[in-house]
Amino acid sequence: MQQRALGRTGRSVSAIGLGTWQLGADWGAVTEEDATAVLAASVDEGVTLFDTADVYGDGRSESIIGRFLAARPGHGITVATKMGRRLAQEPENYSPENFRAWTDRSRANLGVDTLDLVQLHCPPTAVIEDDATFDALDALVAGGAIAAYGVSVETTAQALAAIARPNVTNVQIIFNPFRLKPLDEVLPAAEAAGVAIFARVPLASGLLSGRYTATTTFASDDHRTYNRHGEAFDRGETFSGVDFETGVAAAAELAAALPDGVSLPAATLAWIASRPGVTSVIPGARNVRQAESNAAAAARLEGGFDLAAFDRAVHDVYDRDLRAAIHPHW
């Protein structure tokens, strides 16, 4: 597993990390036993980055990670959590007092004195544009509550604004074969600034697993059912904002472009991780098989299939089938 520099922190994180939204809620039920097994399998495969948030299962994801790591002294894992979604998305709620309360809660959930990395959780644009936001985050670093901070964003404009902040460690953004706009400006800007990029929703909420058909259904408590049109939060977080049937057809085209023995999710994760400027890709996993498969995709960075040919297929499908369907701010 490749290990890559986490911005200017002096830490390194794996090219394939683990997103843990599914260990909290919104992807159907996952037992703590299964969640712990996913974490263990990921670590065994060389994963050194867990991404979580204080609202995933109202802290359940953080707490499971905390208990898991407490049993593994010297684990070498970087835990990136997120804050800001515990209150209404109004700029005034992103205050120093709330930052302190949220980070204190995450420290308790994770069982640590200092959080490795805290990311603002897709805040309003006004929060990213406000100097006071970053003054408050700098104060948390100075006080030892957090070691570093970053911003998770919805739009490319927000990403560029965050990258311009001098002490931002990372930007987390949706990036996959259905969402190519970050290639144009965001990845080059991050690379030039020494800011890490975490690519989230890399498999487009499972569309790029290649396992779905137009008739596939999901549980009622799965965001792929209840947020398909942005009913609960930003539509881009579910299937990357692509219409489900359109995404199924596009995924089938990409799968057909691959040689025998190379799966679409492995090719997709390797392709994302190979793009200049990407530090880590953070797919989720609900079981050990998925966790092992995701981590194993790192081996495709070293060869085994023609990445350049897949890159051409990605752009062909995007230009023909998806570009017009994707909102320009993504």
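This is a walk through the fold as a whole, then its salt bridges, and finally one buried serine. Keep in mind that the model is predicted.

Let's start with the overall picture. The protein chain is built from 12 helices and 10 strands. Its radius of gyration is 18 Å, close to the 20 Å that the globule rule gives for 330 residues, so the chain is as compact as a globular protein of that length. If you turn the model along its principal axes, the C-alpha trace spans about 55 × 40 × 40 Å. Of the 330 residues, 55% count as buried. Sequence-distant pairing is well represented too: among contacts with a separation of 6 or more, 75% come from residues 24 or more positions apart.

Now for the outside of the chain and its charges. The protein chain exposes about 12,700 Å², and carbon and sulfur atoms supply 51% of that area. It carries 27 positive and 41 negative side chains, yet the centres of these two sets lie 2 Å apart.

Some of those charges pair up, with a count of 15 salt bridges. Three of them are worth visiting in turn.

One of these joins the side chains of R11 and D116, with an N to O distance of 2.9 Å. R11 sits in the loop between strand 1 (3–5) and strand 2 (12–14), while D116 sits in the loop between helix 3 (96–110) and strand 6 (117–121), so this pair ties together parts that are 105 residues apart in sequence. How accessible are the two partners? R11 counts as partly exposed because its relative accessibility is 31%. D116, in contrast, has a relative accessible area of 16% and is buried, since buried means under 20%.

Next, look at D51 and K82, whose side chains meet in a salt bridge at 2.6 Å, N to O. Here the partners come from strands: D51 lies in strand 4 (residues 49–51) and K82 in strand 5 (residues 78–83), so the bridge ties together parts that are 31 residues apart in sequence. Are these two charged residues buried or exposed? D51 is buried, at a relative accessible area of 3%, and K82 is buried as well, at 1%.

A further salt bridge connects the side chains of E154 and R200, at 3.6 Å from N to O. This pair also links distant parts of the chain, 46 residues apart: E154 is in the loop between strand 7 (149–152) and helix 6 (156–163), and R200 is in strand 9 (residues 196–200). E154 has a relative accessible area of 11% and is buried; R200, at 7%, counts as buried too. Elsewhere, salt bridges that share partners join D58, R86 and R105 into one network.

To finish, find S106 in helix 3. Its relative accessibility is 1%, so S106 counts as buried. Which residues does S106 touch, leaving aside its neighbours within four places in sequence? They are D54, E62, T81 and L115. Helix 3 thus appears twice on this tour: S106 lies in it, and the loop that holds D116 runs between helix 3 and strand 6.

Note on methods
Residues numbered from 1 in each chain as written. Predicted model: local features only at pLDDT ≥ 70, side-chain atom pairs only at ≥ 80, totals over all residues. Heavy atoms only, no water. Salt bridge = Lys/Arg side-chain N within 4 Å of Asp/Glu carboxyl O. Helix = DSSP H or I, 4+ residues; strand = E, 2+ residues; numbered from the N terminus. Buried < 20%, exposed > 50% of the residue type's maximum accessible area, 1.4 Å probe, protein only. Rg over C-alpha atoms; globule rule 2.2 N^0.38 Å. Contact = heavy atoms within 4.5 Å. Areas by Shrake-Rupley, 256 points an atom, 1.4 Å probe, with all protein chains shown as cover. Lys, Arg positive; Asp, Glu negative; His and termini not counted. Charge placed at Lys NZ, Arg CZ, Asp CG, Glu CD.
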